[in-house]
Amino acid sequence: TAINITKLDVLTGFEKIKVCTSYLLNGKVLDSIPASLSDYERVEPVYEILPGWMEDISNARSWEELPQNARNYVEKIEQFLKVQIRWIGVGPHRESTIERNTFS
(Lines give C-alpha, C1' and ligand atoms only; values in the text may rest on other atoms or scores of the structure.)
Protein backbone atom coordinates (compact mmCIF):
# COMPACT_ATOMS: atom_id res chain seq x y z
CA THR A 1 0.00 0.00 0.00
CA ALA A 2 1.23 3.48 -0.87
CA ILE A 3 -0.18 6.95 -1.30
CA ASN A 4 0.46 10.06 -3.36
CA ILE A 5 1.27 13.47 -1.90
CA THR A 6 0.49 16.46 -4.10
CA LYS A 7 1.50 20.10 -4.06
CA LEU A 8 4.69 19.65 -2.05
CA ASP A 9 6.00 22.62 -4.04
CA VAL A 10 3.53 25.04 -2.43
CA LEU A 11 5.36 24.60 0.89
CA THR A 12 8.57 26.00 -0.61
CA GLY A 13 9.50 29.29 1.02
CA PHE A 14 8.16 28.61 4.50
CA GLU A 15 10.79 28.75 7.22
CA LYS A 16 8.67 26.46 9.40
CA ILE A 17 5.86 24.04 8.59
CA LYS A 18 3.24 23.27 11.22
CA VAL A 19 1.89 19.72 11.09
CA CYS A 20 -1.19 18.97 13.17
CA THR A 21 -0.59 15.67 14.96
CA SER A 22 -3.52 15.54 17.41
CA TYR A 23 -6.19 17.62 19.10
CA LEU A 24 -6.91 18.64 22.70
CA LEU A 25 -10.43 18.71 24.09
CA ASN A 26 -10.92 19.40 27.79
CA GLY A 27 -7.35 18.29 28.47
CA LYS A 28 -7.81 14.98 26.62
CA VAL A 29 -5.66 14.16 23.58
CA LEU A 30 -7.65 13.05 20.53
CA ASP A 31 -6.19 11.31 17.47
CA SER A 32 -8.83 12.73 15.15
CA ILE A 33 -11.01 15.79 14.99
CA PRO A 34 -14.30 15.36 16.86
CA ALA A 35 -17.47 14.90 14.82
CA SER A 36 -19.64 16.95 17.17
CA LEU A 37 -19.91 20.62 16.16
CA SER A 38 -19.94 21.76 19.78
CA ASP A 39 -16.73 19.80 20.46
CA TYR A 40 -15.21 21.01 17.18
CA GLU A 41 -15.65 24.62 18.29
CA ARG A 42 -13.69 23.93 21.49
CA VAL A 43 -10.96 21.64 20.22
CA GLU A 44 -7.36 22.87 20.03
CA PRO A 45 -4.97 21.52 17.40
CA VAL A 46 -1.57 20.23 18.57
CA TYR A 47 1.22 21.00 16.11
CA GLU A 48 4.68 19.66 15.50
CA ILE A 49 6.85 22.29 13.83
CA LEU A 50 9.23 21.11 11.13
CA PRO A 51 11.89 23.18 9.39
CA GLY A 52 10.92 24.30 5.90
CA TRP A 53 13.00 24.81 2.76
CA MET A 54 13.67 27.70 0.42
CA GLU A 55 14.91 25.79 -2.63
CA ASP A 56 12.66 25.56 -5.72
CA ILE A 57 11.66 21.91 -6.06
CA SER A 58 9.54 22.20 -9.21
CA ASN A 59 12.29 20.75 -11.39
CA ALA A 60 13.19 17.88 -9.05
CA ARG A 61 12.62 14.49 -10.67
CA SER A 62 14.17 12.23 -8.07
CA TRP A 63 14.03 11.83 -4.30
CA GLU A 64 17.69 12.79 -4.04
CA GLU A 65 17.05 16.13 -5.78
CA LEU A 66 14.68 17.29 -3.03
CA PRO A 67 16.12 19.41 -0.22
CA GLN A 68 16.77 17.45 2.97
CA ASN A 69 14.01 19.29 4.86
CA ALA A 70 11.48 18.39 2.13
CA ARG A 71 12.51 14.75 2.41
CA ASN A 72 12.22 14.97 6.21
CA TYR A 73 8.70 16.38 5.84
CA VAL A 74 7.62 13.52 3.55
CA GLU A 75 9.16 10.95 5.90
CA LYS A 76 7.37 12.53 8.89
CA ILE A 77 4.03 12.23 7.09
CA GLU A 78 4.84 8.58 6.30
CA GLN A 79 5.66 7.86 9.95
CA PHE A 80 2.50 9.57 11.15
CA LEU A 81 0.20 7.82 8.65
CA LYS A 82 2.10 4.51 8.79
CA VAL A 83 1.97 4.23 5.01
CA GLN A 84 4.58 4.81 2.34
CA ILE A 85 4.43 7.84 0.06
CA ARG A 86 5.44 6.58 -3.35
CA TRP A 87 4.50 9.50 -5.61
CA ILE A 88 5.29 13.14 -4.82
CA GLY A 89 3.88 16.04 -6.82
CA VAL A 90 6.37 18.91 -7.06
CA GLY A 91 4.72 21.14 -9.65
CA PRO A 92 1.65 21.77 -11.81
CA HIS A 93 2.54 19.46 -14.69
CA ARG A 94 2.00 15.73 -15.08
CA GLU A 95 5.74 15.20 -15.41
CA SER A 96 6.28 17.11 -12.14
CA THR A 97 6.00 13.89 -10.16
CA ILE A 98 8.69 11.97 -8.35
CA GLU A 99 8.20 8.23 -8.05
CA ARG A 100 10.01 6.67 -5.13
CA ASN A 101 10.87 3.01 -5.28
CA THR A 102 10.64 2.43 -1.55
CA PHE A 103 9.31 -1.11 -1.70
CA SER A 104 11.44 -4.12 -0.90
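## Contacts and overall fold

A contact here means heavy atoms within 4.5 Å. In this predicted model, contacts between residues at least 6 apart in sequence were considered, and 60% of them join residues at least 24 apart.

The protein chain contains 2 helices and 6 strands. Their order along the sequence is β-β-β-α-β-α-β-β. Along the principal axes, the C-alpha trace of the protein chain spans about 45 × 30 × 20 Å.

## Surface, burial and charge

The protein chain has 104 residues, of which 32% count as buried. The area it exposes is about 7100 Å², and carbon and sulfur atoms supply 50% of that area.

Among the side chains of the protein chain, 12 are positive and 15 are negative. The centres of these two sets lie 4 Å apart.

## Nonpolar core

The largest nonpolar core consists of 19 residues. Leu-8, Trp-53, Leu-66, Tyr-73, Val-74 and Ile-88 have the most contacts inside this core. At least two core residues come from each of β2, α2 (68–81) and β5. Helix α2 gives the most, with 4 residues.

Trp-53 can be described further through its contacts, leaving aside neighbours within four places in sequence. On the lower-numbered side, Trp-53 is in contact with Leu-8, Leu-11, Thr-12, Gly-13, Phe-14 and Ile-17. Its other partners are Pro-67, Asn-69, Ala-70 and Tyr-73. Of these partners, Leu-8 and Tyr-73 are also listed with the residues that have the most contacts inside the core.

## The loop at Ser-96

Ser-96 sits in the loop between β5 (84–89) and β6 (97–99). Ser-96 counts as buried because its relative accessible area is 2%, and the cut-off for burial is under 20%.

Neighbours within four places in sequence aside, the contacts of Ser-96 include Ser-58 and Arg-61. Ser-96 is also in contact with Ile-88, Gly-89, Val-90 and Gly-91. Ile-88 appears again in the largest nonpolar core, as one of the residues with the most contacts there.

## Asn-26 and helix α1

Asn-26 lies in the loop between β2 (16–25) and β3 (28–30). Its relative accessibility is 67%, so Asn-26 counts as exposed, the threshold being over 50%. The side chains of Asn-26 and Arg-42 are joined by a polar contact of 3.2 Å. Asn-26 and Asp-39 are 13 residues apart along the chain, and their C-alpha atoms are separated by 9.4 Å.

Helix α1 covers residues 37–42 and includes Glu-41. Glu-41 is exposed, with a relative accessible area of 68%. The C-alpha atoms of Glu-41 and Leu-25 are 9.8 Å apart in space, and the two residues are 16 apart in sequence.

## Positive phi angles

Most residues other than glycine have a negative phi. Asn-26 is not a glycine, yet has a positive phi of about 55°. Lys-82 is likewise not a glycine and has a positive phi of about 60°.

Lys-82 is located in the loop between α2 and β5. With a relative accessibility of 74%, Lys-82 counts as exposed. Asn-26, described above, is also a loop residue and also counts as exposed.

Conventions. Residues numbered from 1 in each chain as written. Predicted model: local features only at pLDDT ≥ 70, side-chain atom pairs only at ≥ 80, totals over all residues. Heavy atoms only, no water. Buried < 20%, exposed > 50% of the residue type's maximum accessible area, 1.4 Å probe, protein only. Areas by Shrake-Rupley, 256 points an atom, 1.4 Å probe, with all protein chains shown as cover. Lys, Arg positive; Asp, Glu negative; His and termini not counted. Charge placed at Lys NZ, Arg CZ, Asp CG, Glu CD. Polar contact = N/O pair within 3.5 Å; in protein donor to acceptor, adjacent residues only side chain to side chain. Core = buried A, V, L, I, M, F, W, Y, C linked by side-chain atoms within 4.5 Å.
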